[in-house]
Amino acid sequence: METTLSLAQVITNINHDFWPLFPELFLLSAASILLMIDVFSVDMDRKLSYNLAQFILLVTGIIIVFQFPTSQDFLYHRHFIHDPLSATLKISMVVLTSIALMFARPYILQRRILRGEYYLLHLFSLLGMMLLVSGSSLLSLYLGLELMSLCLYALVAMNRRDKLSAEAAVKYFVMGAIASGFILYGISFVYGVTGQIHLADIAAFLNDNEASLTLRFALVFIVTGLAFKFGAVPFQMWVPDVYHGAPTSTTVFLASAPKVAAFGLAIRILVFGFAGVLVDWQNLLIILAVSSMLVGNLVALAQTNIKRLLAYSAIAHIGYFLLGLIAGNTQGYAASLFYILTYAITALGGFGCLIYMAKGRQEVDRIDDLKGLGQRNPWAGLLVSFLFLSMAGLPPFVGFWAKLEVIKAVLNVDGLIWLALVAAFMSIIGLFYYLKVVKVIFFDKAEVETRIRAERSLRLGLGITSIAVIALGLFPTQLLEFCQKAFQYI
Amino acid sequence: MLTQIPILSLLIWLPLIGGFLVLFGPGDKMLVWSQRISLVISIIVVFLCGLLLYMFSGASGQMELAEYAQWIPSLNINYSLGVDGIAVPLIVLTGFINLLVIIGAMGSIKFRRAQYYSAALLLTGLMNGVFAAQDAILFYVFWEAMLIPMFLMIGVWGGPNRIYATIKFFLFTFFGSIFMLVGLIYMGAKAGSFNIADLQKMPLTMFEQTWIFIAFVAAFAVKIPMVPVHTWLPDAHVEAPTGGSVILAAIMLKMGGYGFLRFALPITPDAANEYAWILIAFSLVAIAYIGFIALAQQDMKKLVAYSSIAHMGFVTLGIFIIFKLSNLDASSMAVQGAMIQMISHGLISGALFFSIGVLYDRVHSRDIADYGGVVNSMPIFGALMMLFVLANAGLPGTSGFIGEFFVILSSFQADWRIAMVAASTLILGAAYSLWLYKRVIFGKPLNDTIERLEDINTREKFILISLALMILALGIFPQPLIEIMQPSIEGLLNLTQSKLEGAA
């Protein structure tokens with residue numbers, strides 16, 4: 001009967017509890033306030049913005065820990081899911097973003113890249129990721145994904161004066177847009193067939209009905225879009241160029257938190273929505289995983305540019321990481337989560353050390369630029385080689401447990417033993433180029449012998465990542481259980 | 001009181017912590033401090049080894065001095081240690097060699113010394129871990145982690161071609177062991193436990209056994225090394241610094257043999273039985289063919305490296321000949337021979353590499369052609385090296401004789417042709433060892449440098465004489481060593497035998 005609602009009625013009609021959404025709300029409002037502060041800031045170095053950004057991250061993290069859920073709840077018309085998995089991913093992403101900012105701070109300071117916005121874009125991107133991993137309908141997932149990606153495009157383009165950076169941004173934008181288009185196209189098919197937008201409803205539909213060819217067709221599009229976001233072969237073309245062209249501080253971020261978010265997206269869509277067609281997406285992922293491991297590792301062998309080497313190694317790692325998803329059980333998902341988290345930490349440090357080595361405005365590009373790091377700063381040399389050895393999957397570093405977990409996950413599935421053997425074999429090839437980096441650090445004579453002195457935040461970032469790599473390598477139990485608990489309601 | 005001491009943990013963690021202390025300490029700025037710390041820790045480790053011998057009874061053949069702590073409950077991977085008669089001699093050897101390496105480094109390493117000591121200590125801790133681990137994944141962690149300090153040792157302090165050699169060494173070893181890891185995970189997932197004893201009890205089908213056995217052979221044959229995957233060893237030995245070569249030859253190679261005994265025989269006996277002939281054949285190739293290759297070497301270190309491969313051929317022969325033997329006594333003797341050969345080769349090859357190091361420090365060449373008549377200027381050294389060379393050739397009265405003799409004797413019971421080929425080492429070994437000695441030591445001094453060489457100093461004397469005493473002691477009176485090993489070896493053989501019969 002009534003045509004308009006008064007404001008009072010609207011407010012009383014809202015009977016939601018906003019507590020589960022509080023981290024996102026806080027992050028949004030705090031970031032908006034920071035935006036205002038930044039506009040009126042007169043400090044050219046934006047020290048205040050940086051400190052506030054870190055503070056916001058800290059508080060957000062604390063809120064998430066404080067409201068860590070013990071059950072799985074669908075909220076806000078079931079567009080939002082509040083469960084241990086989302087909280088686990090959110091905490092990890094907050095930590096990763098915070099470390100990424102530590103690395104970014106001295107870099108953008110030296111290069112006079114627009115400074116205040118830089119931190120803000122990280123925060124908004126993080127907001128997108130947090131919404132993404134909590135999305136429980138195709139709509140909210142897509143919104144989160146776009147919010148994240150748009151900020152990332154801008155971050156890649158941040159160094160306006162640099163041609164490589166601009167080129168990378170355009171590439172990233174075009175590729176990212178295509179990937180989003182793929183996902184959206186797939187979503188539209190899913191909606192066309194099932195008439196549902198919520199993941200739970202889609203899962204129920206698949207439970208009751210035989211999956212039609214159209215639905216499988218849609219699945220291919222969605223998985224393709226996911227593969228784009230992950231940078232899995234054959235959708236990896238953008239990865240080396242973007243990692244190389246983007247400001248190193250952005251690459252640091254790009255290689256870490258968004259991967260974790262993409263994992264969240266994959267789990268939500270594939271496991272929450274499409275568990276009924278497990279075999280279909282399993283087969284797709286097997287192709288992606290094997291080709292990623294092969295191409296990533298083999299092409300990385302030929303790289304002389306350290307950023308491209310790390311980019312190809314990232315592609316290879318996505319291949320290993322997919323093994324856990326392929327296993328198709330909670331243990332496998334937990335293994336994948338463990339893999340992506342530890343990889344993200346390692347990648348942060350791996351790209352971060354390039355910032356560490358950069359002298360003035362000069363970029364560290366070639367592998368040879370790392371020459372004699374062990375001589376110029378033994379501590380840094382040691383810590384950086386920890387990171388690379390961990391990427392190679394050697395004990396006692398955490399990369400070993402990650403590899404062990406995913407290999408164990410596929411070994412538990414009948415008929416997938418060959419995948420474990422492929423992974424094992426490719427990790428030998430991987431070892432070679434990681435050893436090449438360690439060799440450059442320790443065995444080659446430095447061209448310049450001056451001792452490297454870096455800013456405190458850089459030392460802190462490098463210290464945190466590499467000590468995490470060794471500490472988690474010696475005592476992986478806590479993180480393993482943390483990852484397993486995330487999947488207790490699946 | 002004494003039994004309360006977690007001696008195995010101490011043997012692992014004391015050198016590890018010491019190594020990190022030296023690494024992160026003041027380093028070369030306070031070299032004396034670093035040196036003293038390393039030396040003190042090495043001496044304590046040797047004492048702990050003595051204590052280990054005292055505490056270890058060995059009569060039961062069971063795992064003793066067990067230590068257990070939960071490590072990763074969700075994967076059922078535990079910090080589980082224990083030793084039997086096979087591991088104890090190897091741990092004692094490790095502690096002993098480490099002390100000598102540290103002492104040896106004091107004069108011959110010229111730069112980044114503190115880091116060198118630290119690498120040696122870290123290696124010792126990790127190697128002790130390999131021998132003491134009773135959890136397959138713990139074993140693997142030590143096994144792989146050990147490669148890192150060795151990689152750095154060869155790469156930083158090695159010869160001109162060190163980078164090629166060290167990367168080759170790392171990749172070869174990793175190649176083998178990664179497949180073993182897959183095999184271990186597979187079994188662990190199936191058995192629900194990574195405890196080695198549980199894995200040994202687990203029944204496996206022939207198909208599974210075959211693949212797991214292949215994985216084991218890939219890991220251990222590279223390490224020991226067997227023909228045809230031996231090519232990393234000459235490169236690594238030639239380029240490594242003296243201490244690196246010694247550790248490599250004396251202990252790291254033994255891990256391959258240890259792995260065969262601990263994993264391959266009891267876990268996959270049927271597959272081992274099926275394919276023993278291949279491994280025996282490769283062992284014989286190593287003994288005979290590699291012996292000829294050693295004869296042709298121009299480089300002293302390469303010669304000793306090839307002679308190591310030939311000697312390790314006896315270890316693999318002794319281990320796999322048991323499948324061709326019918327009675328327990330003979331096979332027990334074969335495995336004992338293999339074990340004695342491992343210990344003895346550790347001492348002899350260590351001594352030879354130290355001797356070459358002594359010469360290299362003075363002349364800076366490893367080419368045999370650059371030497372001649374060394375005995376004129378270095379008589380004491382010449383005398384000691386004589387002993388090592390003869391031990392390498394298997395002279396009775398030295399430890400080198402007993403292992404080879406045991407293995408040849410037991411392989412005679414299997415097939416006289418195998419024994420014939422194996423016995424060729426008595427000629428070949430004597431030929432390349434003595435010929436090396438003749439060219440380097442005897443004759444007129446080659447040039448002024450050789451004529452003016454100084455004889456070995458106290459530090460070098462200590463190293464070489466203590467090795468010489470050990471070699472003689474073991475050669476004349478091997479009984480204590482045999483008594484330590486025998487019950488464990490028989491237990492191992494019984495286990496293997498019962499699994500074989502159970503399957504048949």
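## Helix H4 of chain A

A residue is called buried here if 20 or more other C-beta atoms lie within 10 Å of its own, exposed if 12 or fewer do, and partly exposed in between. In this predicted model, 22 of the 28 residues of H4(A) are buried by that count, so the helix is largely enclosed by the rest of the structure.

The helix covers residues 84–111 of chain A, and at 1.5 Å a residue its 28 residues should span 40 Å, which agrees with the 40 Å between its end C-alpha atoms. H4(A) nevertheless carries a kink of about 30° at Ala104(A), a position shortly before the proline Pro106(A). Just after the helix comes Arg112(A), whose phi is positive, near 55°.

## Helix H9 of chain A

Helix H9 of chain A, residues 213–230, can be put to the same test of length: its 18 residues should span 26 Å at 1.5 Å a residue, and the distance of 25 Å between its end C-alpha atoms agrees with this. The buried residues of H9(A) include Leu215(A), Ala218(A), Leu219(A) and Ile222(A), and among them are also Thr224(A), Gly225(A) and Lys229(A).

What lies over these buried residues includes four helices of chain A, namely H7 (163–194), H12 (257–273), H13 (278–301) and H14 (306–327). H9(A) is followed by Gly231(A), which has a positive phi, near 80°.

## The nonpolar core

The largest nonpolar core holds 390 residues, and of these Leu323(A) and Ile91(B) touch the most other members. Helix H15 of chain A, residues 330–357, gives the most to this core, with 19 residues.

When neighbours within four places in sequence are left aside, the contacts of Leu323(A) are with Ala289(A), Val406(A), Ala409(A), Val410(A), Leu419(A) and Ala423(A).

## Chain B as a whole

Chain B has 21 helices and two strands, and its C-alpha trace spans about 70 × 55 × 45 Å along the principal axes. For 504 residues a compact globule would have a radius of gyration near 23 Å, and the value of 22 Å for chain B agrees with that expectation.

Of the 504 residues in chain B, 60% are buried. Among contacts in chain B between residues at least 6 apart in sequence, 80% join residues that are at least 24 apart.

Ala305(B) offers a local view of this chain: it lies in helix H13 of chain B, residues 300–320, and it is buried, with 27 other C-beta atoms within 10 Å. Apart from its neighbours within four places in sequence, Ala305(B) is in contact with Leu233(B), Pro234(B), His237(B) and Val238(B). Ala305(B) and Ala69(B), by contrast, are 236 residues apart in sequence and 40 Å apart in space, C-alpha to C-alpha.

## Where the chains meet

In the contact between the chains, 23 residues of chain B are in contact with 25 residues of chain A. On the side of chain B that touches chain A, the elements that give two or more residues are helix H5 (136–145), helix H6 (147–157) and helix H7 (162–191) of chain B. H7(B) gives the most to this side, with twelve residues. By type, the residues on this side of chain B divide into 20 nonpolar, two polar and one charged.

## Backbone geometry to check

Most residues other than glycine have a negative phi, and most peptide bonds are trans. Against that background, Arg78(A) has a positive phi, near 60°. Arg78(A) is found in the loop between strand S1 (73–75) and strand S2 (80–82) of chain A, and with 16 other C-beta atoms within 10 Å it is partly exposed. Leu65(B) also has a positive phi, near 55°, but its place is in strand S1 of chain B, residues 64–72, and with 20 C-beta neighbours inside 10 Å it counts as buried.

Two cis peptide bonds belong to chain B. The bond from Ile224(B) to Pro225(B) is cis, with omega near -25°, and the bond from Val227(B) to Pro228(B) is cis, with omega near 5°. Pro225(B) is placed in the loop between helix H9 (206–223) and helix H10 (232–239) of chain B, and Pro228(B) likewise lies in the loop between H9 and H10 of chain B.

Methods. Residues numbered from 1 in each chain as written. Chains lettered and ligands numbered in written order. Predicted model: local features only at pLDDT ≥ 70, side-chain atom pairs only at ≥ 80, totals over all residues. Contact = placed C-beta atoms within 7 Å. Nonpolar A, V, L, I, M, F, W, Y, C, P; charged D, E, K, R; others polar. Expected span 1.5 Å × (residues − 1). Bend = angle between axes of the 7 residues up to and from the residue. Core = buried A, V, L, I, M, F, W, Y, C linked by C-beta atoms within 7 Å. Rg over C-alpha atoms; globule rule 2.2 N^0.38 Å.
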